[in-house]
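The exercises that follow each set a task and then work through the solution step by step. Please look at the sequence and the coordinates before reading on.

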Amino acid sequence: MSKTIPGDPAERLTGILSIEGDEHFDRGAMTNYQRTYRHLGLDKPLFYFSLHPRAREANLRDIERPAFRNNIKNLMYETGKPELVRSYFEAGKALSRAIRLHLDECDTATFWADFEHQINRASSKAEIAEITDNALLFMPDEQCGFRPFAEDWWKYADKIGSVERTFSWWLPKLSWHGTQNQYHNWLAGILSGDWGYSLRDGRSVGSKIRNSIGYTLSISFFSLLLTFAAGIPLGMFLATSKRKRWKEILRKLVYALYAVPLFWLATLLVVFFTTEEYGKWTNLFPSPSQIMLHTMDGDAGFFQGLSYLLLPVLCLASGGVAFVARQMEQTALRENTARYITMSRLKGNSESATIWKHLFPNAVFPLITLLGALIPGLISGSVVIEVIFNIPGMGRLMWDSIFGQDWNVVFAILMIGAILTLVGQLIADILYARANPKVRYD
Amino acid sequence: MPASLTLGICLIWLFTALFADQLANELPLTCKIDGQRHFPAFRETLSKVSGQSSPRIYYLSKKEEMESVIRAPIPYSPQTIDRANAGYKSPLGPQNISSLRYRHWLGTDGMGRDVLAGLIHGSRVALIIGLVSVLAAMLVGVLFGAAAGYFGDRGWRLNKLEIAGGAIILSVGLYLLYLQLDYGGSWLYFGAWLLGSAVLVYLWSSTVKTRLRAYLSSFRISRTMGIPLDLMLLRLIEIFRAVPSLFILLALLAIIESPGILQMSLIISLLMWPAFARYTRAEFLSLREQEFVQAARLLRRSNNYIIFREIMPLAIPPIAVAAAFGVSSAILAESTLSFLGIGFSAEQVSWGSMLNEARLYFKAWWLAVFPGMAIFAVILSMNSLGDYISRQKSTGIEMVN
């Protein structure tokens, strides 16, 4: 995914708008770009091996400028002789460096400057032939410092002009790159805690995520607590209570809560209950701007911090509460028809003893498996909640990074989201196995 | 939720989605220009259906020459900017309008766009998103789930020769595709490759196979091997379950620059097909052991016949339940994305993008309440439709038993 995204990370990091956009680009910016390009390891091949046509080289990424890269690739496909094209390119590079170095010593500087410009842009046999033909006519006889380089280049240009592509140019060839490849570097970086750099401010991705993950984990943790703490009694009430009217009302409420979009609920609560716009009493909760100010200061005390988290946690937990309550109701109703419950009633146990001593433990432990289903929802929900309430957590960071096209951060957060989900599912499985002796993992 | 309410919401939704251009449009339903009768609002729908350029600009330039005009019930399009009523005009407060006919019944947003017109046209976006993404997800999920549930890990047996042949054909096709892309082809070649490979695989398995098998039977190559379809499906579903869905959506949409409704639905369906596959697989897993399937096998019915004619009709109710919930989750996904400001371009009005504006200006409660209500109502009715079908289904099964 990170290789299909639009834009060039080295361009972003050096602040160059487009390395190919400007004809007369700044040479300082160019060296800067090349250094960044190599520093990011973009010159290395993508994977441990590559399968490619015989006509082209396995890795052309070590040519930093995209336009040069494309020219060379075209030439390789056209001639089917990658080694020759590579030597031609090296000769051209040397020549253009020499021309730039010795240009002032020459009387025919305009011709050579133009010549350098042309050889850097030639992308096909026909174009090279045109340059050499023109040069035959107009090349001055003057012996400048770069004359040997020009002759060297000329030799390869001639060879390219005369070479014919053989039939086997498209046959596949396997090249082995070893561990010097981008995937290996990325993986090694991930495993050793080096997640790369943010493309926006050059800070390390690891530190950006470390600063934000605490908020996400704490609101997710508290809303998970609230989900079970509120959902389980609610479900038990719906399953076992004798108060028909209350049950009906609550059941409808749970049903509605299950369908209400998280971002709508949060927006409504923010609109109506964080300002004094709709009456004195409606200013119940701290507003998102207050939350942002205080989390940025970092001087909010523990209880103050809790009060800021109250509304976000309430919102994030709402869907989960409804979900858990419905599941709890269903399992309790199913257990209610079991024979051990009838037995307990026949023995003369009180209704509350039957329910809380016999039914409840058996009905509640399957809910452990819901943990695995709830965690991805919580992490997804944290994006919405953090954006609405201005909490600088991981979801908010992801949202900001998407708008800032900061792909390193986006993909790192994607990875962490997956890891968190897997860990949650693992914990759910282990807890379930401990709670239910019938389940055994081989 | 009562069935009548569910049905009512669905019908209203369908009606507004189908006739959005006639219900809310700044172009008149009908008018006379130079003595000739025109039907601008209807022509706009027609141009959208046939993919022609919109007549909007032409009619807006003829605004002064229109006679005997009959306007739409809401004389605003969702994009219409009413400058006189810009800056969040409340539906309850005074509005700067010439007559009650031009009142913004549900208020305006910051630019002066009518909220009710946005709601009506947003219902069309929601319908397309819901239907297209569910249909696409259903196509993939049901087919894969049915195959995995029916064949299991060993049921679909292939000759080793077929496997080898298919693998070679596919990898050659893949290599040629890479060559084409690297050499400077376009994505059209991908379609050609897919089609070509499929045809080759089919030809290989149907004709070449039988001849070669007879020839090679003495070499013991024709032994069969089970394809672990079920295992493959379960692992794939696990991969999709591991990453929080909103994260995947955000990352995917960030890569595609300003996606249209169709692209958006396909991306959402990418996340929904595992649900369909799971339901279908579970249903097929339990049904394939039933006596009627064994009877069909004894009658030497083909696998295709048993899957599509014998088992599929019984698996439709749970798939329908999944589809109903799928519509609501697709709409929820789209509106969440639009709410976050990622996804559609700014001109595309959807319920979520209207709610996004409420976030910018807390005092405009009407921007938060009404679009959210629409989303809520549609999701609620789709959920209760799903519950209704699943209740029907359980009674139906009892009757069969």
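**Exercise 1. List the buried residues of H4(A) and find which helices they pack against.**

Solution. The buried residues of H4(A), each with 20 or more other C-beta atoms within 10 Å of its own, the C-beta atoms being placed from the backbone, are A:Pro82, A:Val85, A:Tyr88, A:Phe89, A:Ala91, A:Gly92, A:Leu95, A:Ala98 and A:Ile99. These residues pack against helix H3 (66-79), helix H5 (109-121) and helix H7 (147-162) of chain A, where contact requires C-beta atoms within 7 Å.

The model is a predicted one, in which local features need pLDDT of at least 70 and side-chain atom pairs count only at pLDDT 80 or more, whereas totals for chains, interfaces and linings use all residues. Residues are numbered from 1 along each chain as its sequence is written, and chains are lettered from A and ligands numbered from 1 in the order in which they are written.

**Exercise 2. Describe how H9(A) and H18(A) pack.**

Solution. Helix H9 (residues 205-240) of chain A and helix H18 (residues 407-435) of chain A have axes 10 Å apart and meet at an angle of about 55°; H9(A) is therefore oblique to H18(A) (neither under 35 degrees, nor over 145, nor 65 to 115). From H9(A), A:Val205, A:Lys208 and A:Ile209 meet A:Asn408, A:Val409, A:Ala412, A:Ile413 and A:Ile416 of H18(A).

**Exercise 3. How many residues does each chain give to the contact between chain A and chain B?**

Solution. Chain A gives 38 residues and chain B gives 33 residues.

How values were computed. Axes are lines fitted to C-alpha atoms, for helices over the stretch in contact, and angles run from 0 to 180 degrees between N-to-C directions. Helices (H or I, at least four residues) and strands (E, at least two) are DSSP runs, numbered from the N terminus. Two residues are in contact if their C-beta atoms, placed from the backbone, lie within 7 Å. A residue is buried if 20 or more other C-beta atoms lie within 10 Å of its own, exposed if 12 or fewer, and partly exposed in between; C-beta atoms are placed from the backbone.
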